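Here are a few exercises to work through with the model open beside you. Try each task before you read its solution.

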Amino acid sequence: MIKNNNSRIESVWNNASIQKKLMFSFFIPIMLILSMNIYIYINVNSMIARIDQIYVSNVTLSELSDQLSNVQVSTREYLENKGSTALAKYYEAEQDYRDSIQDLGNNLTSNSMAVMQKNITRQSEKYLSLINETIQAKRGRNVEKYRTTYEQSEVLYMDLQNCIYSLNNEQFKVNASSYYVLLSSLKYMETISITILVIIGVVNIIVIYLLTRSMTYPLIELSHAANEVADGNFEVDIAELDGNDEISVVSNAFSQMVERLQLYIEEIRDSMKRESDLKEHELVMESRMKEVELRNLQAQINPHFLFNTLNAGAQLAMMEDADKTTDFIQNMADFFRYNLKKINMDTSIEEEVSLVDKYIYILNVRFTGEIHYDKQVDESVLKLRIPSMVLQPIVENAVNYGIRNIDWEGHIYLNISRDGDMVYLSVKDNGIGMKQEDIELIKNGQASEVPKPSNSDSNGVGLANVIERLQIFTGNEDVVDIISEGEGKGTEVVIKIPFVE
Amino acid sequence: MKKKSTNTSYGNKAFRIMIAGTIIMILATICTVVLFSYVMNKLNYIETEAITEFDGHYVFIADHEEDFWQQVYAKANEQAAQDNVYVEYLEKSLGVNYTNYDLFRVAINSSVDGIIYGGTPDLQISKLINKAVNDGIGVVILQNDAENTTRQCFVGVNNYELGQVYAGQIAEMFSGQNYGEKKVKIVINSNVPEGVGNLFIIAMEDFFVEKYPEQGVPEIELVRIDMQDVFSVEEDVRNIILQEELPDAMICLNSTFTQCMFQALVDLNKVGETQLVGYYVNDNIIDAIDKQVIYSTVSIDTEQLGKSSVLALEEYCNYGYTNSYVPVSVSVIGKKEARGMIDDKE
């Protein structure tokens with residue numbers, strides 16, 4: 001039950017705002033010190049009041065003595081001159097004294113001073129009675145009587161003065177001892193008050209120090225974390241604070257902010273990585289192109305010289321009316337020009353097909369029509385853009401590795417078709433076919449490891465290069481299928497390109 | 001980003017510090033309140049000491065300088081307290097130097113219920129005794145009776161009897177010797193009536209005549225010392241020793257004389273030159289008897305004296321009459337008794 005209450009108070013404390021916490025923290029000590037001071041003040045005051053009261057009794061007794069003297073003096077005055085003023089004075093003095101005597105008390109107690117008071121009261125009654133008799137005798141002009149009674153009253157007067165003096169003395173002794181007791185008590189209380197106030201003050205300072213430190217500690221931690229974040233280190237420790245005060249809110253919000261910042265930074269980093277990958281691809285592409293170009297340059301030392309020469313040959317053949325030679329040289333010139341011109345840019349399927357046509361023509365002239373070439377083209381895709389020098393290297397491979405050294409009649413089939421969103425460019429031969437391992441090597445970009453025939457006269461653009469460029473162009477890994485059912489059963493290379501309007 | 005597990009320590013720590021500090025401060029406050037209350041209560045207790053209300057008021061008049069009378073007063077007060085009566089030692093409570101006569105007058109004018117008088121009743125005092133009785137105040141006389149007054153009661157030893165007791169001590173002291181050759185001085189208060197002194201001498205002489213008719217009667221002389229002046233008593237006692245031929249024995253009839261006399265004998269190296277018989281018992285006197293500086297002392301039972309006086313007054317106050325004489329027993333303390341008393345104490 002107590003534990004529940006404690007945890008409830010604790011949760012109330014944790015959820016309180018800093019202002020409330022500080023208010024509460026300062027309010028209790030201040031109230032305690034204030035109430036302590038008030039308490040001490042009241043007690044010390046009451047003690048001082050008591051000290052003030054101590055000697056009041058002595059003052060009262062001195063007054064009583066004076067009043068008694070007044071009675072005696074006024075009586076004597078009246079006896080001497082019998083004046084009404086003296087009589088009035090006597091009555092006044094007598095009344096004052098009587099009143100004071102009544103206040104003095106007539107109790108018989110174990111207190112010796114009370115006994116003395118009682119004696120004074122009793123003697124005073126007799127004294128006043130004697131004085132009264134004296135006054136009456138004076139009025140009645142009974143000289144003998146008032147002389148006697150006055151003499152008696154004088155004796156009583158002296159006794160009374162002595163008794164009052166003795167009582168006053170006794171009272172003073174008691175009062176003095178009370179005074180010292182009160183004074184020492186006052187000093188004792190002073191010591192207690194100072195000690196307690198010092199204790200409360202010190203505890204108060206310690207509590208406030210610890211409290212403010214415990215409150216500012218998360219802020220200090222937060223500022224360190226903020227400095228670290230400002231220096232770019234997002235891997236900071238930020239304690240998640242329980243409670244709903246401002247520090248907790250700020251700390252937790254900062255923690256979330258750092259977390260989100262980190263997420264954003266990671267996203268930006270990813271996108272930058274992607275961009276750099278893309279750039280890297282482009283660079284690779286460019287480098288492949290450069291590679292093709294270089295090979296072309298190696299193969300065709302001076303293409304312009306070659307084209308001009310071939311054009312000169314074509315014109316010569318035309319002048320000699322050798323049409324076949326003209327066509328042949330013209331095709332040759334077109335083939336090489338295309339090679340040089342298109343290598344670093346994309347082109348249409350139509351142009352690629354045209355290049356293949358020219359290439360087959362050239363080969364058939366070289367090899368006297370050994371290659372039987374058939375094509376089936378879906379004309380709707382002819383305008384589709386694809387990387388240049390794609391089909392010709394595949395056809396070249398089909399000729400060089402497929403049907404060059406076969407005993408039977410060699411066929412090359414070019415089939416371009418569309419199936420939905422995909423366009424398929426198929427180059428198939430009926431040559432010697434490929435081993436499955438070689439197919440895998442080529443698809444994995446290791447075409448160089450595939451053994452080449454000794455009499456290869458490639459124009460320089462290998463199948464691996466083609467596959468790589470197609471992959472970069474389409475952004476798709478699976479762009480080329482190589483299908484061969486085994487030795488002597490030919491090979492089909494199928495390029496898969498998404499159709500774009 | 002690393003994240004610590006949920007941290008509640010900050011809030012809890014502050015909360016605990018707050019609670020601990022508050023508890024300490026509250027405890028300190030409670031301590032203060034308790035200590036202050038203790039001091040205030042103690043003061044209140046001092047200020048309001050138990051006060052008993054009394055039904056009656058007696059006044060005790062006797063020389064308060066004498067141990068003897070102080071003991072009598074203490075016993076009288078003890079007895080009176082049982083009957084809820086307050087006995088006031090008037091000379092003590094008055095700060096002025098009043099004679100017994102003055103004190104008696106004050107007591108009468110204070111309309112007390114009774115007066116116990118332990119002084120010598122001279123003529124003036126006898127008048128006051130009569131006046132007091134006339135005013136309805138009971139008067140009990142101790143030690144020295146005022147036979148010619150209307151006092152209600154006399155409590156004490158008959159002076160004749162006391163003289164015989166002292167004579168017995170002298171006889172014992174000079175046992176087997178011729179008493180007729182011995183000189184004895186009796187030191188008494190100058191205000192003791194002449195008749196009382198003479199009665200004392202007659203009682204002693206009668207003792208020797210009756211008990212030792214063949215050994216003669218010592219020469220007995222009264223030496224009167226005025227006790228009004230407190231400081232002169234010791235000087236007067238010393239003068240007796242220095243100026244006059246020392247008697248064979250000296251009898252002191254009150255405690256002050258006894259103590260002054262033996263001290264003077266010691267100081268003046270006269271121990272053994274005269275024998276001293278004292279009056280009253282206290283540690284000094286007992287010690288002196290044990291050392292035989294004092295031969296013996298006569299002690300009147302102070303308890304009996306004090307209590308009997310109060311009882312007589314109460315009887316008078318309650319019933320209007322009381323015994324006119326209440327005797328008090330007398331005891332003699334010699335070396336043997338003194339030794340016994342010292343041994344008992346040890």
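## Exercise 1: Charges across the interface

Between chain A and chain B the count is one salt bridge, a term for a side-chain nitrogen of Lys or Arg within 4 Å of a carboxyl oxygen of Asp or Glu. Before you hunt for it, a word on the ground rules. This is a predicted model, in which local features need pLDDT of at least 70 and side-chain atom pairs count only at pLDDT 80 or more, while totals for chains, interfaces and linings use all residues. Residues are numbered from 1 along each chain as its sequence is written, chains are lettered from A and ligands numbered from 1 in the order in which they are written, and side-chain values use heavy atoms, with hydrogens and water left out.

**Task.** Find the partner of Asp159(A) in its salt bridge.

**Solution.**
- Step 1: side chains of opposite charge can pair when their charged atoms come close.
- Step 2: Arg105(B) is the partner of Asp159(A), with 2.6 Å between the closest N and O atoms.
- Step 3: look also for polar contacts, that is, pairs of N or O atoms within 3.5 Å; within protein, one must be able to donate a hydrogen and the other to accept it, and residues adjacent in sequence count only if both atoms are side-chain atoms. Eight residue pairs across the interface of chain A and chain B meet this rule, both residues at pLDDT 80 or more.

## Exercise 2: Describing the side of chain A

**Task.** Work out which helix of chain A gives the most residues to the side that touches chain B.

**Solution.**
- Step 1: helices (H or I, at least four residues) and strands (E, at least two) are DSSP runs, numbered from the N terminus. Among the helices of chain A that each supply at least two residues are H1 (2-15), H2 (18-54) and H6 (143-230).
- Step 2: H6(A) gives the most, with 27 residues.
- Step 3: for the whole interface, 73 residues of chain A are in contact (heavy atoms within 4.5 Å) with 60 residues of chain B.
- Step 4: the area buried between the two chains is about 5800 Å², with 65% from carbon and sulfur atoms; buried area is the accessible area (1.4 Å probe) that two parts lose on being put together, summed over both. In chain A, Arg50(A), Leu108(A) and Glu240(A) lose the most area to chain B, together 11% of what that side buries.

## Exercise 3: A sheet in chain A

**Task.** Trace the open sheet of five strands in chain A and name its edge strands.

**Solution.**
- Step 1: two strands pair if DSSP finds at least two bridges between them. The order is E2-E4-E5-E7-E6 in chain A, with mixed pairing.
- Step 2: E2 (371-377) and E6 (480-484) of chain A each pair on one side only, making them the edge strands.
- Step 3: E5 (422-429) and E7 (491-498) of chain A run antiparallel, joined by eight bridges, and Lys428(A) stands opposite Glu492(A) in E7(A).

## Exercise 4: A sheet in chain B

**Task.** Explain why E7 and E12 of chain B each have one side without a neighbour in the sheet.

**Solution.**
- Step 1: this open sheet of six strands has the order E7-E6-E8-E9-E10-E12 in chain B, with mixed pairing.
- Step 2: E7 (219-225) and E12 (330-333) of chain B stand at the edges with a single partner strand each, so one side of each lacks a neighbour in the sheet.
- Step 3: E10 (296-300) of chain B runs antiparallel to E12(B), with four bridges joining them; Ile300(B) has Val330(B) as its bridge partner.
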